[in-house]
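Hello,

Here is the structure we talked about handing over. Please have a look at it first, and then read on for my notes.

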Amino acid sequence: MFLIKFIKLAPLCQRALCEPLVPDSTNNLKIVHNKYPKRIFSGIQPTGNIHLGNYLGAIKKWIQLQHSEKIVLWSIVDMHSITLPHDPATLKENILQVTATLLACGIDPEKSILFQQSNVSMHAELCWILGCITTMARLGHLPQFKEKSEKLKNIPLGLYIYPVLQAADILLYRATDVPVGQDQAQHIQLAQDLAYSFNKKFGDTFPVPRSLICDDASQRIKSLRDPLKKMSKSDKDHKSRLDLMDKPDILLEKIKKAVTDCISEITYEPETRPGVSNLIAIHSLLTGKSPEEICSDAQGLDTGKYKLVLADVVIEKLKPIQEEMSRLLKEQLYLEEVLKVGSCKATELAIDCYSDVRDKIGFGRNVSEKTVHTVVHKL
C-alpha cells in the first residue's frame, strides 16, 4: 500500500504531486524517483456531452500541458464507456463528437497524441496481465465501484475491473504523470501499486506514475441545480450543466434557473452561499478576474441581473469553440484521420513497453511486427 505525500508546485495551477513512497531494502520508506522520460497521459470517456466543468477542470489543463515539451497522450477511452449498457450508433457518434470538441477547444494533434483507446489492442492485453496480479479485495475497496453498482441489479464484470484497465492505459505508455481530479486519485494509486508489484515480481518495467492533482476552483464547478454536487455528464437533469454545444438561448435559460439563495447581494462565500459562489467561480475561470473583482463589478446588481451578466460572458467565450466544433463535425473523414494517425503514434510508443512485459512474464517478445502490421492495416 502506498503512502501519498503532497508537494506544492508552482506552474500550471496550484497542484499537488502525488509521490509514491515504497519500502526500500531496509523496510524504510523512500520516494521513488522516475528514471523514465517524462510522459503525460489522461483520458476522457465518449459518453454524454462535454460540459463547461470538463472544459475548465480538465481540457484547459491539457492544452497547457501540450506545450510542456513532454510527450503527451490524450485518449478517448471508448472501452471504458461500455462498462454500462450503451447504444453502438450513439457511441460511434460520441467518439467523433469528443474528438471534434477536443480539437475545437485547442488540443493540437501536432503537439499531442490524440487517439482512440480501442484502436490499440494492447490496452486490453495488458489489462488481463495486470488483473492477474491484483485481487478482488483490492478492487472492492475502490469507492466508484460502490457508488455505481448501488443502483444496479446485475453488475457487469467490466464495471468491477475497469480500474485495472485504467491502470493499463497509464502503464502501457510508461506515463510518469497523470492529470486527474481528486475523485480519481485512488484509481491512480492502484496504477502505482500495480507498477510497483509488477516491477518487484518481474523486474523493472514501469515508472511509478504520479498524480497531477489540480486543487483550484476549476475542480469544483458545481451543478446548477444542486450546488453541493459536481457538475456531471451523467446527471439526468440537463439544466444542471452547461454543455459546450448548448445554443445561446439554452445557456441563458439554464443560468437564469441556476439555484442560488434568497440573498440578493453578490458575494463569494463558497461555504455559506454555494450557489452564487459557483456562478462567480465560473465567471472567474472564464475571464481571469478574481472573485473579489467580480463581486466589486457586480455591486448594485441582484442575483437575477448578475445571472444575465454571466450568461453574456459564457455565450461569448463558448462562441468560437462552438463554431469550430460545428465546422469539424462536418469533416468526419478528417476526424477519423486524426484518430488513425494518433493511434499509430500511440502504438509505436506502446509496443516497446508491451514487448518487455511479454518477455518478462514468459510470453516472449515476438509481438512487434505482428501487432504493428495488424494495427496499421486495421486503421
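Below is what I found in it, going from the whole chain down to single residues.

Please keep in mind that this is a predicted model. The protein chain has 379 residues, and 50% of them are buried. Its secondary structure consists of 13 helices and 8 strands. If you take the contacts with a separation of 6 or more, 71% of them join residues 24 or more positions apart. The accessible surface adds up to about 18700 Å², and carbon and sulfur atoms contribute 54% of that.

Now to the interior. In soluble globular proteins, nonpolar side chains tend to be buried together. Here the largest nonpolar core contains 53 residues. Those with the most contacts inside that core are L52, Y55, W74, L102, L114, L244 and V314. W74 is worth a click: beyond its neighbours within four places in sequence, W74 is in contact with I40, F41, S42, W62, L65, I107, S112, I113, L114, F115 and P179. There is also a second, separate core of 44 residues, and F41, F145, Y160 and L194 are among its members.

Helix α1 comes next, covering residues 52-65. Its 14 residues should span 20 Å at 1.5 Å a residue, and the C-alpha atoms at its ends are 19 Å apart, so the two values agree. You will find a bend of about 35 degrees in α1 at A58. Because 11 of its 14 residues are buried, α1 is largely enclosed by the rest of the structure. The buried residues of α1 include L52 and Y55, both also listed above for the largest core. W62 and L65 are buried in α1 too, and both are in contact with W74.

As a biochemist you may want to know about the cysteines: how many disulfides does the structure hold? The count is 0. For C127, the closest cysteine sulfur is that of C132, and at 9.4 Å it is too far away for a bond, given that a disulfide needs the two sulfur atoms within 2.5 Å. C132 is likewise in no disulfide, its nearest cysteine sulfur being that of C127. The surroundings of these two cysteines can be told apart: C127 is buried, with a relative accessible area of 12%, whereas C132 is exposed, at 53%.

Three other residues caught my eye.

- R174 sits in the loop between α6 (157-171) and β7 (177-180). Its phi is near 50 degrees, a positive value in a residue other than glycine. R174 is buried, with a relative accessible area of 15%.
- K360 belongs to helix α12 (residues 332-361) and is partly exposed, with a relative accessible area of 31%. K360 and G203 are 157 residues apart along the chain, yet their C-alpha atoms are separated by 7.5 Å. Leaving out neighbours within four places in sequence, K360 is in contact with F202, G203, D204 and T205.
- L228 is found in the loop between β8 (210-214) and α8 (248-256). Which is L228, buried or exposed? L228 is exposed, with a relative accessible area of 68%. Its C-alpha atom is separated by 9.7 Å from that of N278, a residue 50 positions away along the chain.

That is the tour for now. Do write back if you would like to go through any part of it together.

Best wishes

How values were computed
Residues numbered from 1 in each chain as written. Predicted model: local features only at pLDDT ≥ 70, side-chain atom pairs only at ≥ 80, totals over all residues. Heavy atoms only, no water. Helix = DSSP H or I, 4+ residues; strand = E, 2+ residues; numbered from the N terminus. Buried < 20%, exposed > 50% of the residue type's maximum accessible area, 1.4 Å probe, protein only. Contact = heavy atoms within 4.5 Å. Areas by Shrake-Rupley, 256 points an atom, 1.4 Å probe, with all protein chains shown as cover. Core = buried A, V, L, I, M, F, W, Y, C linked by side-chain atoms within 4.5 Å. Expected span 1.5 Å × (residues − 1). Bend = angle between axes of the 7 residues up to and from the residue.
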